[in-house]
Amino acid sequence: MRKNRAARLAATALLGLGALGAFAGTAHAEPIDYVRIELLELHCQKNSEGDHDEAYLKITDANGNAVKVWPGGGLKYQTMGTGYVRSMADGNGSAALILGKQQARTLTLWDYDSTSGDDKLGATLVTGSEVGAETQWRTVEGSGGVYVIGYRVIDI
């Protein structure tokens, strides 16, 4: 009987320490600090097909879903040919462009195709830790196309 009581007391003490540890961990948890990806420009170094591509940009959101962010304004795509430069500012209203400083998102450029599956023109990983850095210029390549995406990560 004495053994059982000692075992119960020891178990209770351990459970109490675990709860205290969990409480202490909660008390010291860092709040998530958020940043926003600001899309700037898209440069076409070489289009992937014919005389132009029908480009659009998607981003993975916090749940891993691909969300179209550019072009905005209800457009399906922007026509891009070799040497074209397009502003991407109209895509900056999407909530999918917001992430934590310790998180990352993938930007994927696509070529719209009405008769078959869309072609992937390339992808790049953007991290929240890039906050405050100068404008980033990332080259993406795919399906024969070469593009440069310009963006910044800003504190919000």
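This report describes strand E2, the residue Asp53 within it, and the nonpolar core to which E2 contributes, in a predicted model.

**Strand E2 and its partners**

Strand E2 spans residues 53-60. Six of its eight residues are buried, leaving the strand mostly covered. E2 is paired in the antiparallel sense with E4, with E7 and with E3. The table gives the residue range of each partner strand, the number of bridges and one pair of facing residues.

| Partner of E2 | Residues | Bridges | Residue pair (E2, partner) |
|---|---|---|---|
| E4 | 78-80 | three | Ala55, Gln78 |
| E7 | 104-111 | five | Leu57, Leu109 |
| E3 | 66-70 | four | Ile59, Val67 |

The connection between E2 and E3 is a hairpin, with five residues between the two strands. Within that turn, Gly64 adopts a positive phi of about 85 degrees.

**Asp53**

Asp53 belongs to E2. What charged partner does Asp53 have nearby, given that it is buried? Asp53 forms no salt bridge, and the nearest side chain of opposite charge, that of Lys46, lies 9.6 Å away. Because a salt bridge requires the charged atoms to be within 4 Å, the Lys46 side chain does not qualify at 9.6 Å.

The side chain of Asp53 does, however, make a polar contact of 2.5 Å with the side chain of Tyr147. When residues up to four places away in sequence are set aside, Asp53 touches Asn47, Ser48, Gln78, Thr79, Met80, Asp111, Leu121 and Tyr147. One of these, Gln78, is also the residue that stands opposite Ala55 in E4.

**The largest nonpolar core**

The largest nonpolar core contains 24 residues. The members that touch the most others are Ile37, Leu39, Leu42, Leu57, Leu109, Tyr147 and Ile149. Two or more residues come from each of strands E1 (34-46), E2, E3, E7, E8 (119-127) and E10 (145-155). The largest share, five residues, is supplied by E1. Such an arrangement follows a broad tendency: in soluble globular proteins, nonpolar side chains tend to be buried together.

Several residues link this core to the features described above. Leu57 and Leu109 are among its most connected members, and these two residues are bridge partners between E2 and E7. Tyr147 is likewise among those members, while its side chain is joined to that of Asp53 by the polar contact.

Leu39 offers a view of the surroundings of one such member. Not counting residues up to four places away in sequence, Leu39 touches Leu57, Val69, Trp70, Met88, Ala89, Gly91, Asn92, Leu97, Leu107, Gly150 and Tyr151.

Terms used: Residues are numbered from 1 along each chain as its sequence is written. This is a predicted model: local features need pLDDT of at least 70, side-chain atom pairs count only at pLDDT 80 or more; totals for chains, interfaces and linings use all residues. Side-chain values use heavy atoms; hydrogens and water are left out. Buried means under 20% relative accessible area, exposed over 50%, partly exposed in between (1.4 Å probe, protein chains only). Lys and Arg count as positive and Asp and Glu as negative; His and the chain ends are not counted. A polar contact is a pair of N or O atoms within 3.5 Å; within protein, one must be able to donate a hydrogen and the other to accept it, and residues adjacent in sequence count only if both atoms are side-chain atoms. Contact means heavy atoms within 4.5 Å. Two strands pair if DSSP finds at least two bridges between them. A nonpolar core is a set of buried Ala, Val, Leu, Ile, Met, Phe, Trp, Tyr and Cys residues joined through side-chain atoms within 4.5 Å.
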